[in-house]
Protein chains: 2
Amino acid sequence: MALDSERNTTFNKDALRLLLHNKIMPTVSLERLREIREKAKKVPDLLVSFEKYHMTREQSINNAIKHGLAWKAFMDKENLNRDERRVVLGFNTELSGHMLHYEFFLPSLELQASQEQKEKWVQKIENLEILGCYAQTELGHGSNVRGIEIEARYDEKTQEFVFHSPTITATKWWIGGLGVVSTHALLVARLIIKGQDYGPHAFVIQIRDLATHEPLPGVDVGDIGPKIGLHGNDNGYLRFEYFRQPKDSMLNRFAKINANDEYEIIDPNAMKILYLSLIRARSSLIFDAWYPITIALTISIRYSLIREQFPDPENPKKEKKILDYQIQRYKLFRMLGRLYAIICARPFIKSLYTQAEEKLNNSDVSDLAFLHCIVSLYKSYVTFNALEAIEECRRSCGGHGYMMLSGLPSLYAEYLPSVTYDGDNSILALQSARYFMSLLRKPKQMPETLEYLSENPSIPQGDAHCPIFHQKCFELAARNRFRRLVVRERALLSQGKKKDIIWNSDLQVEAIEACEAAYYASIHGYFVKSILAIQDQSIKNTFENLRQIFAASELERFNGELARAGITGETLDRIKAVQLEGFDKIRPDALGLVEIFEVDDEVLNSVIAKKNGLIYQDMLRTSKYLNPLNKERVFPGVKKQLKPKI
Amino acid sequence: MALDSERNTTFNKDALRLLLHNKIMPTVSLERLREIREKAKKVPDLLVSFEKYHMTREQSINNAIKHGLAWKAFMDKENLNRDERRVVLGFNTELSGHMLHYEFFLPSLELQASQEQKEKWVQKIENLEILGCYAQTELGHGSNVRGIEIEARYDEKTQEFVFHSPTITATKWWIGGLGVVSTHALLVARLIIKGQDYGPHAFVIQIRDLATHEPLPGVDVGDIGPKIGLHGNDNGYLRFEYFRQPKDSMLNRFAKINANDEYEIIDPNAMKILYLSLIRARSSLIFDAWYPITIALTISIRYSLIREQFPDPENPKKEKKILDYQIQRYKLFRMLGRLYAIICARPFIKSLYTQAEEKLNNSDVSDLAFLHCIVSLYKSYVTFNALEAIEECRRSCGGHGYMMLSGLPSLYAEYLPSVTYDGDNSILALQSARYFMSLLRKPKQMPETLEYLSENPSIPQGDAHCPIFHQKCFELAARNRFRRLVVRERALLSQGKKKDIIWNSDLQVEAIEACEAAYYASIHGYFVKSILAIQDQSIKNTFENLRQIFAASELERFNGELARAGITGETLDRIKAVQLEGFDKIRPDALGLVEIFEVDDEVLNSVIAKKNGLIYQDMLRTSKYLNPLNKERVFPGVKKQLKPKI
Ligand SMILES: Cc1cc2nc3c(=O)[nH]c(=O)nc-3n(C[C@H](O)[C@H](O)[C@H](O)COP(=O)(O)OP(=O)(O)OC[C@H]3O[C@@H](n4cnc5c(N)ncnc54)[C@H](O)[C@@H]3O)c2cc1C
Ligand SMILES: Cc1cc2nc3c(=O)[nH]c(=O)nc-3n(C[C@H](O)[C@H](O)[C@H](O)COP(=O)(O)OP(=O)(O)OC[C@H]3O[C@@H](n4cnc5c(N)ncnc54)[C@H](O)[C@@H]3O)c2cc1C
């Protein structure tokens with residue numbers, strides 16, 4: 001095959017495949033993964049296809065339903081456990097109502113329901129007897145969840161809740177899967193008992209008739225309209241007009257209305273556990289980010305080895321592969337370094353999460369605040385980074401990257417909202433910053449990985465390739481930015497300004513800039529640690545090359561910090577040289593480093609990046625014959641409108 | 001109206017409106033512009049509408065045709081000249097086939113046709129008797145135009161050209177307006193006479209029957225398929241099978257086939273003039289970039305004044321306008337500074353262009369290389385900047401910025417390819433860099449505005465607000481980057497490497513980084529000059545605030561350069577403070593500074609940024625009633641697929 005000469009690698013492929021697999025999907029064995037994948041590939045309804053790019057919204061939603069049902073059938077047939085079913089989920093990068101049902105509605109309910117309620121609901125959900133969504137955001141309130149307005153007023157007489165939307169802004173909005181498919185919602189509403197407002201609480205309620213699928217009386221529900229991506233997802237709106245539901249629709253793990261019709265707290269850790277539910281959603285964004293980046297890089301690196309442009313001065317009869325231009329390597333290999341960094345960080349974040357969860361199950365909440373800080377930080381920068389990576393890959397394919405058929409525009413458009421949902425990235429970074437600041441006030445309680453923040457400043461020394469030197473540089477940038485922030489905060493407070501006010505008006509920009517440095521210090525630290533643990537020397541070398549590219553590239557953002565702290569221009573130039581050398585060192589392994597993830601053509605769904613390297617014929621054929629616009633020799637609209645005039 | 005209190009400005013509105021108008025549309029008077037606009041607003045077919053966001057591609061193309069015809073009718077009725085008709089063009093941000101016909105096909109033909117050919121074609125084009133497109137790119141060749149493969153073989157016997165696509169990659173591809181609407185194409189094909197290949201030349205040929213609109217025999221033409229934006233544009237493909245066209249289809253201003261059937265050059269400046277045609281297209285991207293940024297900022301600043309989120313610590317009963325969070329100001333006001341910078345640079349680039357064109361008309365090509373360098377540089381960074389601005393605005397609207405109805409996603413998707421077409425930005429920046437390098441080799445011929453590149457280094461001194469200090473800082477960054485590049489080039493050459501090779505493999509990254517600094521030095525220089533010329537003190541102050549935001553924000557990219565050259569950390573902190581203060585200073589004028597452009601609700605086409613400040617009711621109504629998905633109480637696909645299963 002055309003690309004085969006590009007497939008020799010300097011590293012042991014089997015060993016790398018296994019190593020990566022254990023980082024990204026440790027709970028399913030590689031054999032089992034491959035087995036499931038091969039079986040799933042034989043079920044057409046589970047696969048995406050080029051038709052996707054031509055669909056209307058109606059067709060996209062129908063397709064998502066078809067996909068969801070096929071997924072369910074496959075799960076049952078193959079008896080997949082919860083981790084295994086995510087393998088198949090990966091076949092379609094677009095979030096559908098069914099995915100939200102299993103991945104969002106179900107775990108949220110499990111977290112907040114009492115034991116009795118779980119018995120009532122979980123089986124139904126697993127069996128898809130009902131279809132649920134997670135309804136929190138309203139037209140008027142997203143980030144500020146405490147500001148939501150929908151009311152759940154308890155009626156003591158009938159022992160029911162009366163749900164009502166008192167204003168326009170009290171319309172639930174954006175709820176994935178709600179528009180046309182869901183029968184139920186996990187609803188966040190203000191709990192009101194005897195006129196007293198207890199703030200947002202969670203309820204599970206039915207919104208559509210199970211027999212007819214019609215909205216129940218008192219429920220006004222529909223799809224909010226077209227978006228730039230996620231066409232198959234029916235993000236919906238929801239309003240209530242004095243809509244009654246039984247008392248046990250309130251999820252009762254943390255609080256309930258007792259026999260005296262009074263509010264009663266059941267678990268004093270309630271808010272903390274709810275916290276964990278937010279953290280869980282954000283963590284999955286961190287854990288899953290490798291996947292769209294991998295798809296984007298597989299497409300663009302493969303394409304850059306097929307695409308040739310301009311005569312090669314070393315061989316003027318042939319054109320040069322675009323991956324052999326330095327600037328194309330710069331675009332793609334920086335993103336490759338990022339991908340591997342994100343993968344290396346994954347197990348560390350995962351174990352922070354698992355530890356905190358275990359402690360919490362023993363009523364120990366001590367790890368939670370730190371976990372929240374790190375997960376907010378990572379959610380924010382990992383999604384920013386992943387999105388930038390996808391777009392950089394798209395642009396690197398020139399014009400063809402603008403065609404839906406390249407697979408890249410939809411990947412980008414579908415990933416786009418991840419910088420907004422599950423916590424707007426700016427707001428998360430700010431939350432993280434405030435926690436860092438609180439740690440700086442109590443340096444003795446500083447977690448080990450952040451001790452550098454309270455170290456004494458010194459100018460990092462070392463070879464420009466050295467991981468420890470790079471790490472010290474990132475830490476220097478973070479430390480100095482946080483120090484300046486501390487000084488600034490102190491100065492503002494001493495002017496008599498209130499803390500809440502300065503954190504809205506004066507410190508947000510610098511706080512986020514400090515967080516940026518802390519993020520890179522953290523993720524680079526994990527990259528270094530991961531490499532230390534690698535046994536196979538060929539893999540170790542490859543990872544080290546990728547790390548050098550990553551460090552040298554990301555350190556550039558902090559050149560100002562480094563130089564003002566005393567690192568010389570010559571040292572910065574040497575770091576730059578490490579970056580550029582790195583591109584050339586990694587080049588022979590480029591294709592291997594993306595194909596190792598085994599993303600099949602069926603999943604890439606791209607006409608410009610076939611595994612066999614043959615693309616132009618397919619492009620022409622696909623555009624010509626699959627495109628509804630080319631069905632008739634003269635486009636009907638031309639006949640009708642244009643011809644009579646020209 | 002809700003927003004009225006935000007509409008008081010510190011500057012004189014009429015004076016600013018006129019000043020801006022003269023920079024962005026100097027050839028049409030402001031009165032005339034307003035007159036045309038008011039008339040056009042009464043022609044429904046000229047306006048976009050929310051329906052746009054719901055259309056299939058078929059509908060989008062029909063709509064584009066309708067719009068194109070209405071535009072033509074309006075032009076005729078109001079007797080618009082070429083500059084005036086662009087006013088109406090601005091009503092729709094999406095490039096349509098008709099726009100390409102008038103703005104691309106026509107001027108390209110005028111430039112390359114002989115006098116006789118102009119007489120034959122121009123009137124037909126103006127009258128829309130034919131509809132044309134510009135067909136250069138092929139499936140296999142975009143940036144490398146010299147590599148195109150379609151052949152125009154001259155047949156002496158019949159005195160005709162035989163057009164043929166010898167390979168799959170020789171398929172014309174991406175051609176705007178070609179897919180279903182065009183009747184003619186300005187085709188770039190290899191001219192072959194008596195077996196000798198003269199390389200790419202321009203032809204004007206008919207591809208569809210004027211009576212039936214069917215493709216002529218030997219012509220295989222169609223639409224290439226869906227894209228992430230520009231749904232109404234039928235980018236097309238085109239193949240020929242021994243397709244014959246008359247001898248005069250070759251455009252003859254520069255060269256022709258003479259009576260002896262020999263190739264004859266008519267104008268020795270041919271290639272240079274062709275150059276100007278490329279420069280013309282790139283210049284329009286620079287000249288027009290203010291417009292999408294203005295739309296994006298009008299939507300997002302207005303929305304940020306309507307949207308409130310989180311209780312205001314200074315007034316806990318109310319929520320805070322999101323524009324009053326520092327990080328929101330950071331997002332939007334940096335982009336506002338950029339917008340004004342780009343507008344200030346516009347007349348300077350325009351006059352460079354006009355001068356070079358005038359000289360060229362007198363056969364003096366001396367300005368052309370420099371113009372090409374500057375236009376390439378600006379095309380590259382202005383489009384990058386504009387795109388980033390639109391996306392930053394979109395994200396700043398939170399979830400609602402992801403809805404098509406906000407107007408932002410389509411604006412972004414439609415602007416996206418501008419970093420690729422009319423010259424891929426990386427390649428343009430590289431061309432620019434090589435010209436800068438050639439200037440550095442002949443410092444005596446250095447144009448005045450670039451003299452700083454060969455000045456002796458010194459550490460800039462001055463107040464952190466001072467325009468001259470900022471300018472010196474930008475220049476320092478550019479000078480030092482280019483100096484290092486010169487040193488690197490010299491070292492590589494002295495290792496015996498060939499120049500062509502190192503400019504593919506070794507210097508591209510640093511060359512582009514040097515260009516980045518040169519761009520900011522140039523545009524900031526124009527900003528400063530423009531402010532010097534302002535009479536009205538209130539406007540001068542406002543511009544100076546915007547310039548400070550711009551300078552302080554964009555200088556941050558060069559903090560490494562500044563610090564290593566000896567600028568102290570305290571100075572960098574002071575520049576940062578200038579940025580943050582700047583946000584607060586500009587805040588009272590924020591709405592005024594975007595509304596001054598008078599972009600009407602009809603053009604914004606956004607449900608989240610109505611002039612009257614009332615949005616939520618409209619959002620709900622529009623989503624509910626305009627959305628085809630909500631037509632039936634139960635979505636048909638649910639009834640058909642889902643109900644039988646759950
Ligand atoms: C595709 C998609 C799917 C979604 N699915 C669901 C779902 O299934 N269920 C659900 O409940 N919700 C869902 N959401 C909603 C999502 O959770 C919200 O969009 C998100 O919480 C952000 O809220 P917002 O859109 O109201 O933005 P806002 O909170 O209004 O923010 C707007 C802007 O203001 C800024 N801002 C706000 N407050 C501050 C502050 N204190 N300091 C500084 N800046 C501030 C933000 O940074 C942002 O730039 C979805 C959204 C999208 C886009
Ligand atoms: C929406 C849209 C509309 C268009 N309309 C028209 C039209 O009406 N008529 C028309 O003729 N064309 C049109 N085009 C085509 C457009 O002009 C080309 O896409 C553009 O010239 C880039 O060429 P390419 O796509 O082949 O990219 P390539 O040239 O293949 O570039 C791919 C990648 O390789 C890199 N690369 C290539 N060469 C080098 C090098 N020497 N050094 C470093 N890097 C290199 C590029 O930077 C890029 O990252 C349109 C394109 C789009 C997307």
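These exercises work through a predicted model, covering the chain interface, two ligand sites and two loop residues.

**Exercise 1. The interface**

Task: Describe the interface of chain B and chain A by contacts, buried area and composition.

Solution:
- Step 1. Start with contacts. Chain B places 129 residues in contact with 129 residues of chain A.
- Step 2. Take the area. About 10,800 Å² is buried between chain B and chain A. Carbon and sulfur atoms give 63% of that.
- Step 3. Find the top contributors in chain B. P226(B), I228(B) and Y402(B) lose the most area to chain A. Together they account for 7% of what that side buries.
- Step 4. Count polar contacts. There are 65 residue pairs in polar contact between chain B and chain A, with both residues at pLDDT 80 or more.
- Step 5. Assign the elements. Helix 3 of chain B, residues 57-78, gives the most to the side that touches chain A. Its share is seven residues.
- Step 6. Sort that side of chain B by type. The split is 57 nonpolar, 36 polar and 36 charged residues.

**Exercise 2. Charge pairs**

Task: How many salt bridges does the rule find across the interface of chain B and chain A? Give one with its distance.

Solution:
- Step 1. The rule finds 10 salt bridges across this interface.
- Step 2. One of them joins R633(A) to E214(B).
- Step 3. Their closest N and O atoms are 2.9 Å apart. The cut-off is 4 Å, so the pair qualifies.

**Exercise 3. The site of ligand 1**

Task: Which chains surround ligand 1, and which polar atoms lie by the ligand?

Solution:
- Step 1. List the surroundings. Ligand 1 has 30 residues around it. T137(A), S143(A), D424(A), R307(B) and G399(B) come nearest.
- Step 2. Read off the chains. Both A and B contribute residues, so the site is shared between chains.
- Step 3. Check the backbone of chain A. W174(A) has a backbone N or O atom 3.1 Å from a nitrogen atom of ligand 1. For G176(A), a backbone N or O atom lies 3.1 Å from an oxygen atom of the ligand.
- Step 4. Check the side chain from chain B. An N or O atom in the side chain of R307(B) is 2.7 Å from an oxygen atom of ligand 1.

**Exercise 4. The site of ligand 2**

Task: Repeat the analysis for ligand 2.

Solution:
- Step 1. 29 residues surround ligand 2. The closest are R307(A), G399(A), Y134(B), T137(B) and S143(B).
- Step 2. These surroundings come from chains A and B, so this site is shared between chains.
- Step 3. Take chain A. The side chain of Q328(A) has an N or O atom 2.9 Å from an oxygen atom of ligand 2.
- Step 4. Take chain B. A polar backbone atom of W174(B) is 3.1 Å from a nitrogen atom of ligand 2. A side-chain N or O atom of Q508(B) is 3.1 Å from a nitrogen atom of the ligand.

**Exercise 5. Two loop residues**

Task: Are K52(B) and T420(B) buried or exposed, and what do they touch?

Solution:
- Step 1. Locate K52(B). The residue sits in the loop between helix 2 (30-40) and helix 3 of chain B.
- Step 2. Its relative accessibility is 17%, so K52(B) counts as buried.
- Step 3. Leaving out residues up to four places away in sequence, K52(B) touches N92(B), T93(B), E94(B), S410(B), E414(B) and N605(B).
- Step 4. Locate T420(B). Its loop runs between helix 11 (408-415) and helix 12 (425-441) of chain B.
- Step 5. T420(B) counts as buried because its relative accessibility is 17%.
- Step 6. With the sequence neighbours up to four places away left out, T420(B) touches G398(A), G399(A) and K379(B).
- Step 7. Add a C-alpha distance. T420(B) and G142(B) are 278 residues apart along the chain, and their C-alpha atoms are separated by 9.7 Å.

Definitions and conventions. Residues numbered from 1 in each chain as written. Chains lettered and ligands numbered in written order. Predicted model: local features only at pLDDT ≥ 70, side-chain atom pairs only at ≥ 80, totals over all residues. Heavy atoms only, no water. Contact = heavy atoms within 4.5 Å. Buried area = accessible area lost by both parts, 1.4 Å probe. Salt bridge = Lys/Arg side-chain N within 4 Å of Asp/Glu carboxyl O. Polar contact = N/O pair within 3.5 Å; in protein donor to acceptor, adjacent residues only side chain to side chain. Helix = DSSP H or I, 4+ residues; strand = E, 2+ residues; numbered from the N terminus. Nonpolar A, V, L, I, M, F, W, Y, C, P; charged D, E, K, R; others polar. Buried < 20%, exposed > 50% of the residue type's maximum accessible area, 1.4 Å probe, protein only. Near = heavy atom within 4 Å.
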